[in-house]
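This report describes how helices and strands are arranged in one structure. Please keep the sequence and the 3D view at hand while reading.

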Amino acid sequence: MKKLYSLLVLLFFYGASYAQPSTTNYDVKYYRLELRINPDTSIGKYIKGKVTTYFTTQKSNFTLLSFDFASALICDSVYYHGVKLANVKVVKQVDSLKITLPSITATNTLDSVSIWYKGVPPLTAGFSNGTGYVKSTHNSGAQNYVYTLSEPYSSFTWWPCKSFIVADKADSMDMLVSTPLNFKVAGNGSLVSETTIGSNIFTYWKERYPIAAYQVCTAVANYVQYPAIADTVVMGTTKMPVYNFIFPETNTAAAHTALDRVPLMITTFNSLFGDYPFKKEKYGNYTFGFGGGMEHNTFSGESSNNVYTNAANWDILAHELGHQWWGDNVSNASWSDIWVHESFADYSEVLCAEFAPSVSALAGVTGLSWRQGKKNTVLNPGNQARPVYVTDTSTIITIFTPAVYIYERGGMVISMLRTLLGDAKFFQALKDYQSDASLELNSAFTSNVQQHMEAASGLNLSTFFSQWIYNTGFANYSGAQWNTFGASNKTVVLQLPQTTQFSSLTHFDMPIAVRMQGSVSGDTTVIIYDKNGIMNYVNNGTLISSGSNSVQYDLSFKPTIFTFDPLSQVLANGSFTKNVGLTLLATNLLSFTGNKEGVNVKLKWAITNSFDYNFFELERSNDGVHFSKIADLKSADFPGLFNFTYTDYYALSGTSYYRLKVSEKDGSVIYSNTSVVSFEEKGTLYSITPNPATDFIMIKTKSNNRVSSVRIINAVGKEYIRIPNPVFTNNNLKISVAVLAAGNYFIEIISEDNIKQTKEIVVIK
C-alpha cells in the first residue's frame, strides 16, 4: 500500500489483532466468490452473494468452523455437502460466523461449505474514504462505482473469510460477479469471460496463485481498458498481458504516458528480483477511490487523482508493482513485519529511478535525488518516535501511521544492507529470498530477510537487525577526522568516532560511505563497516578489521576533499575535519591468495604477531555468493605461526572463489578478501542432470574418452560413492543418489588420461 499523508479516521474501528480458536483449526485451500454488485442500487453500498470455501482440518474430531464475518451482514444460509444446515448449526457472534459440522475424524481432511449472505458492509476506519467495501462517485459525482480495499483487516466486512490470520493464504480463488451492463469488473488473476445475459454482465476472474484474504479485490465501474489491446512483457517463453482499467474521463494522453512506462518497470524489477511472480496471469492497474495505491495480486488499485493524471507520475506505480514481489509473492507472516512489504516497495522506487532512469525523468527525479529525499525525511527529528518493527497491530491506524517508519526508515535500512553487501550479493539475496521454496507464494518474518542477507554475505547480521529494526534514532559522525602521510600525501587515515541521536542505544553497527577527492584530479569512494566502534574495511560484503576506530588507505592521488555519505546511502550525518595529530595504523591485516598448483589450489595467508585469532575457516564457492566450509585450523595447532598454507585437493572445474573466515578470541569474526581461481576445462566434458537431484543423476559424456573413476564427495573430500572404471551406455552413466542426505556434494570425474573434472550438485529430498 502506498498512501498520501492525509489520514481521516472514521467512525468505527474494525480490526483488532486477534484470531479466534475456531479460525486456527483449519487451513484455507480455495475461495469461490459469486457476487451481485450494482453501484447504482438504491440500498447504498449493498452486496449479496455466495462464498464457497474449501479447507483442510488441522485437528481430529473437527466440528466447529468459524469465519470472520461482519455483524452488519446477514447470513441467509449455509450448505454443507449440498444440504442446508439447520439454523441452530449456524450462529452469528460479534463479527464472526460459527458453523457446527458433523464430526470430521481425521486431520488434514479436505472439505467445504457454501455461505449465502447479503447486506450493507459496515463503515471502517481507514484512509480517505475508508477501507473494506466502499461506494463512491467519479466524473464530478455523475457516476457511481464500488471498490474494495481490505488491508489489513477489512476483508470480513464484505465477505466471510479468514481475515485476521494473514499467513493463511488460499491456494487459489475464483470470483464471479454479476453487474448491470454499463459496468466493468476488476479482479485478481486472469479474466476468463465476460458474458452478457439480458441486462446483466457476468464476469469471471480466475486466480491460480496463492492469495491472502486481504489481497482479494474487486471494483465495479464504467471502466475502459487501456491499452485496448494489452501490452505484453516477455519472460522466457511466457508472454504476459499488461493493461489497465481506468475511468473514461481520465483516459487521457497524460495517463497513457504514465501507464505506458509500467512494462519497463516490470522488466527492470524482473532483472533485480527474479521474474514477476504471477507471470502466467497478468499485471495491471485499475482506478479506485483510495488516495494512493494498493497492491492486490496481479491488479493494483490506483488513485487517478494522484497516480496518472500527470504524465510525469511514476513513483506510486513503481511502488505497487514492487509489492507484487514484496507482499504478494512473499507476504508478511504477521502485521508486525509489515515493514518488509512497505520498505522493499519503497526502496523499489529508488531502484526504478536508478536502473530505469527514463521512468522518473519527466518528474526530474534521479535515484540519487530520490534517496536524498527519503534520507532527509527519516533523519527529521520529528520522525524518531517509533522503530521499523510494529508492536501495536490492533488497527490499520496503529500499523500504518506514522507511515515514515515502515516506508522510508525501513527503505533506508535496506539501503544500508545493499551498501554493506555490495550489489552482487545484495541482489542475489533478494532473488534467493523470492525463490526460497519455503517462502515463495507463502509468508515470511523479519528473520527470513536476515537469514537471506546472511546467507549471501556470510556475515552475522544479528546486531545490525536488532539495532535498526527494533530501535529508534540514527548515528552521527560529525567528529570524523582525516590526515595524510608520505612524501606525496597519498596515504590517508580516517578516524570515525560515532555518537547516536534520538536513541537509547549508545552505538549502531552500520556501513559508512566516504568520498575522497583531489583538488585537481582523483576521486574514490570507500565503504567502511563500523562494528561496535571498530572500523572494518568492506570488500563486496567481506569485512577486514582495522582493530581501531580508524582506517587507512593508500591512494593514487592526494586527497583534499572528504564527503560523508555522498550518495545518501546510510542513516547517519557526518562531516570531516583535518587532524594533523592522527598517526599511521599499526596494521595487522590479512593477506590471502589462491593459486593453481597442478589440478589443486594452494591457498596462502599471513597475519602479524598482533593478530589475536582463535581459528580459521577456509570457504569455497562456485558463484562467489554461496560459500561452503572446506577446512578449519585452530590456533592451538599452529603456535607462533604467522604464515599459513593449505592445499585444496578437491578444486572445482571452472571458476572457484575462496575466502578466509577468522574467528578472533574476543568472539568477533572477520573475512579476508575473496581470491578467484579458474581451471580451464580440458579433455572430457560432461553434463550432469538433474541438478538439483532427488533419486538419481545422469552423467553424459560429450566425447568417447574413457573414465577411470567417478566419486561423489563432500566439500572436505569425504567419500560417499565411488565407482571405479564405470561403464557408460550410449555415453550415459546413471548413478543413484537415494542413499545421500539432502545437501551439497561434488562429483569428481577422472578420465583415463588423468584429467580431473569436479562439479557441484545439490541433493534434495
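Helix α5 (residues 315-323) lies across β18, β19 and β20, and its direction makes an angle of about 145° with β20. Axes are lines fitted to C-alpha atoms, for helices over the stretch in contact, and angles run from 0 to 180 degrees between N-to-C directions. Contact means heavy atoms within 4.5 Å. Helices (H or I, at least four residues) and strands (E, at least two) are DSSP runs, numbered from the N terminus.

The model is predicted: local features need pLDDT of at least 70, side-chain atom pairs count only at pLDDT 80 or more, and totals for chains, interfaces and linings use all residues. Residues are numbered from 1 along each chain as its sequence is written, and side-chain values use heavy atoms, with hydrogens and water left out.

Another helix, α3, lies across β16, β17 and β18. The two helices are set out below.

| Helix | Residues | Strands crossed | Angle |
|---|---|---|---|
| α3 | 262-273 | β16, β17, β18 | about 25° to β16 |
| α5 | 315-323 | β18, β19, β20 | about 145° to β20 |

These strands belong to an open, mixed sheet of five, ordered β16-β17-β18-β20-β19. Two strands pair if DSSP finds at least two bridges between them. The edge strands, β16 (224-235) and β19 (293-294), each pair on one side only. Strands β18 (residues 283-287) and β20 (residues 299-302) pair in the parallel sense over four bridges; T287 has E302 in β20 as its bridge partner.

Elsewhere, helices α6 (residues 338-355) and α12 (residues 446-457) pack at about 55°, with axes 8 Å apart. The contact involves W339, V340 and F344 of α6 and T446, V449 and M453 of α12.
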